Amino acid sequence: MLSIIIPFVMKTDVIFYTILVIFNIIFLIKKDYFLGPKSQKDPNIPVEKMNILEHIGNIYDITQKHGIEESLSKGENHIEYVTSKLGISPAQAVIFSHFVEKSYDDNIYLSDIAGFIQCKNTKMIKYMHDVEELEKKKLIYCNRDSWSITYRMPSEVSVSLLKNDNFIPEKNIIVYDEIKPKKMYYNQRETGEVQKLISMLSEENYEKIMDRLSGKSMRKGFACLFSGTPGTGKTETAYQVARETKRDIMIVDISETKSKWYGESEKKIKEVFDTYRIAVKNSKIAPILLLNEADAVIGSRKDIGNTNPSLDETENRIQNIILQEMENLSGILIATTNLVQNMDKAFDRRFLYKIVFEKPTVQSRIGIWNSLLPGIAEEVAAELSNRFELSGGQIENIARKTEIDFIINGEGLCMDTLVEYCKAETANEPGGGKRIGFGSAD
Ligand SMILES: Nc1ncnc2c1ncn2[C@@H]1O[C@H](COP(=O)(O)OP(=O)(O)OP(=O)(O)O)[C@@H](O)[C@H]1O
Ligand SMILES: [Mg+2]
């Protein structure tokens with residue numbers, strides 16, 4: 001009997017769940033210890049000595065008495081602490097206090113929140129976005145059934161509140177040792193430049209650089225630009241640099257931060273930098289902020305009055321915010337772009353270090369073929385590399401297709417199929433990706 005029960009109990013997800021439940025129980029007990037029943041709360045603790053739970057407790061009390069609109073000004077001191085600690089807006093801090101207070105409740109309805117912040121259900125629409133933002137930041141969890149929507153606060157948030165941590169949502173943060181090592185093939189110049197960057201960002205050298213810059217009252221932000229045509233390894237290089245320098249990486253997809261709502265895009269982009277600032281403050285080794293596919297923001301700023309002036313205005317405002325943030329940056333930013341020309345001069349100047357990624361040489365292509373398709377014969381890798389000027393990204397696509405072929409049909413590598421795939425990859429390129437003056441793709 002025991003031999004049946006023990007393996008089941010030892011399942012890691014069961015253990016994980018049990019730990020979370022225990023943490024939740026500790027949180028419930030300790031929360032009361034920290035906050036205490038209202039009558040026991042020590043009114044003499046100075047605001048600057050309060051921990052996050054005490055601040056949240058005060059926000060809760062003020063909101064319960066006065067509703068959200070007034071609490072935003074009456075609870076300003078407490079709200080300021082919570083917003084900077086968690087990287088959320090004032091309204092989100094007020095709403096979040098409800099979730100903390102009701103952390104024992106697994107089914108918090110929107111109507112409960114509306115009642116707490118004292119606004120009519122119709123007005124709740126105004127705050128719906130804030131609830132969604134709390135969810136996106138993983139500070140609350142939403143359960144959407146076909147018949148109801150309820151919320152709860154996840155246990156890991158309780159844990160970090162108890163420790164008075166700044167809760168950094170896991171979303172978009174990749175821990176360096178989870179990044180799989182990948183052998184990259186560069187030309188000689190790129191090899192030198194990537195190695196130099198890795199060396200500059202090693203913990204020891206980076207500290208020295210920072211000390212020296214601040215000693216000379218120079219800006220400390222370390223912004224790098226990776227530019228080049230698609231599939232040349234820009235994003236992968238950013239990951240590998242993070243892995244080698246033991247820095248976590250926070251990835252931001254700029255297109256995700258664009259919103260159709262007036263003013264929202266700017267708010268979101270500011271939030272990105274606020275979250276990154278918190279991450280830097282919280283980490284022993286500064287993480288990397290990766291602005292992936294940043295073409296739209298680093299391209300030339302638009303003359304307003306073109307086809308879509310409001311869109312141009314929004315893009316220009318986002319660009320100005322990023323320029324400002326780069327000016328005050330404390331940490332490491334890597335932006336990737338396909339744009340090599342037409343870059344805004346103001347951005348160009350702010351990148352301390354730039355690497356242009358070129359399409360791989362024949363020799364690099366041979367290496368990439370071998371590394372992505374380990375079973376490939378040497379002469380096949382050499383022939384394909386000579387016949388087709390593919391990028392690493394295109395070779396990776398072909399490797400994926402052959403992997404699928406193997407799973408579905410049990411087919412191994414075959415020259416004809418590989419040539420067919422190479423042609424398909426280059427079908428839309430001028431010249432069909434054939435090397436000029438050497439061999440033929442037919
Ligand atoms: N120089 C390279 N060496 C080895 N592999 C490479 C190289 N370049 C690209 N690859 C392969 O192609 C994949 C895709 O590359 P990656 O996404 O980094 O390209 P990118 O330059 O960021 O493209 P895009 O501009 O389209 O975003 C990588 O994960 C890697 O497997
Ligand atoms: Mg990329």
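These exercises walk through one predicted protein model and its ligand shell, each with a worked solution.

Residues are numbered from 1 along each chain as its sequence is written, and chains are lettered from A and ligands numbered from 1 in the order in which they are written. Because this is a predicted model, local features need pLDDT of at least 70 and side-chain atom pairs count only at pLDDT 80 or more, while totals for chains, interfaces and linings use all residues.

**Exercise 1. Survey the protein chain.**

Task: State how many helices and strands the protein chain has, and what share of its residues is buried.

Solution:
- Start with the elements. Helices (H or I, at least four residues) and strands (E, at least two) are DSSP runs, numbered from the N terminus. The protein chain has 20 helices and 9 strands.
- Next, burial. A residue is buried if 20 or more other C-beta atoms lie within 10 Å of its own, exposed if 12 or fewer, and partly exposed in between; C-beta atoms are placed from the backbone. Of 442 residues, 32% count as buried.
- Then contacts. Two residues are in contact if their C-beta atoms, placed from the backbone, lie within 7 Å. Among contacts with a separation of 6 or more, 71% join residues 24 or more positions apart.

**Exercise 2. Check helix 5.**

Task: Compare the span of helix 5 with its expected value, then decide whether the helix is enclosed or not.

Solution:
- The expected span of a helix is 1.5 Å times one less than its number of residues.
- Helix 5 covers residues 90-101, which is 12 residues, so 16 Å is expected. Its end C-alpha atoms lie 17 Å apart, which agrees.
- Now count burial. In helix 5, 11 of the 12 residues are buried, so the rest of the structure largely encloses it.
- The buried residues include Phe96, His98, Phe99 and Glu101.

**Exercise 3. Lay out the sheet of strands 1, 2 and 3.**

Task: Give the strand order and find which strands stand at the edges.

Solution:
- Strands pair if DSSP finds at least two bridges between them.
- The 3 strands form an open sheet in the order 1-3-2, with antiparallel pairing.
- Strand 1 (108-109) and strand 2 (141-144) are the edges. Each has a single partner strand, so one side of each lacks a neighbour in the sheet.
- Strand 2 pairs with strand 3 (residues 149-152) over 4 bridges. One bridge sets tyrosine 141 against arginine 152 in strand 3.
- Zoom in on isoleucine 149, in strand 3. It is exposed, with 12 other C-beta atoms within 10 Å. Isoleucine 149 touches Leu110, Cys142 and Arg144, leaving aside residues up to four places away in sequence. Its C-alpha atom is 8.6 Å from that of isoleucine 108, 41 residues apart along the chain.

**Exercise 4. Trace the parallel neighbours of strand 8.**

Task: Describe the burial of strand 8 and identify which strands pair with it.

Solution:
- Strand 8 (residues 332-337) is mostly covered, with 6 of its 6 residues buried.
- Ile332, Ile334 and Thr336 point one way, and Leu333, Ala335 and Thr337 the other.
- Strand 5 (residues 222-228) runs parallel to strand 8, joined by 6 bridges. Here serine 227 stands opposite threonine 337.
- Strand 7 (residues 288-292) also runs parallel to strand 8, through 4 bridges. Isoleucine 288 has isoleucine 332 as bridge partner, and leucine 289 stands opposite leucine 333.
- Move on to strand 7. Of its 5 residues, 4 are buried. Strand 6 (residues 249-253) runs parallel to strand 7 over 5 bridges, with aspartate 253 opposite asparagine 292.

**Exercise 5. Describe the shell around ligand 1.**

Task: Say which residues come nearest to ligand 1 and which domains supply the shell.

Solution:
- A residue is near a molecule if its C-beta atom, placed from the backbone, lies within 6 Å of it.
- Of the 19 residues around ligand 1, Pro230, Gly233, Thr235, Glu236 and Gly392 come nearest. Helix 11 (234-244) and helix 19 (392-409) are the elements that give two or more residues to the shell.
- Sort by class. Ala, Val, Leu, Ile, Met, Phe, Trp, Tyr, Cys and Pro count as nonpolar, Asp, Glu, Lys and Arg as charged, and the others, Gly among them, as polar. The shell has 6 nonpolar, 9 polar and 4 charged residues.
- Finally, domains, whose bounds come from an automatic or database domain assignment. Domain 2 (174-357) and domain 3 (362-433) each give at least three residues to the shell.
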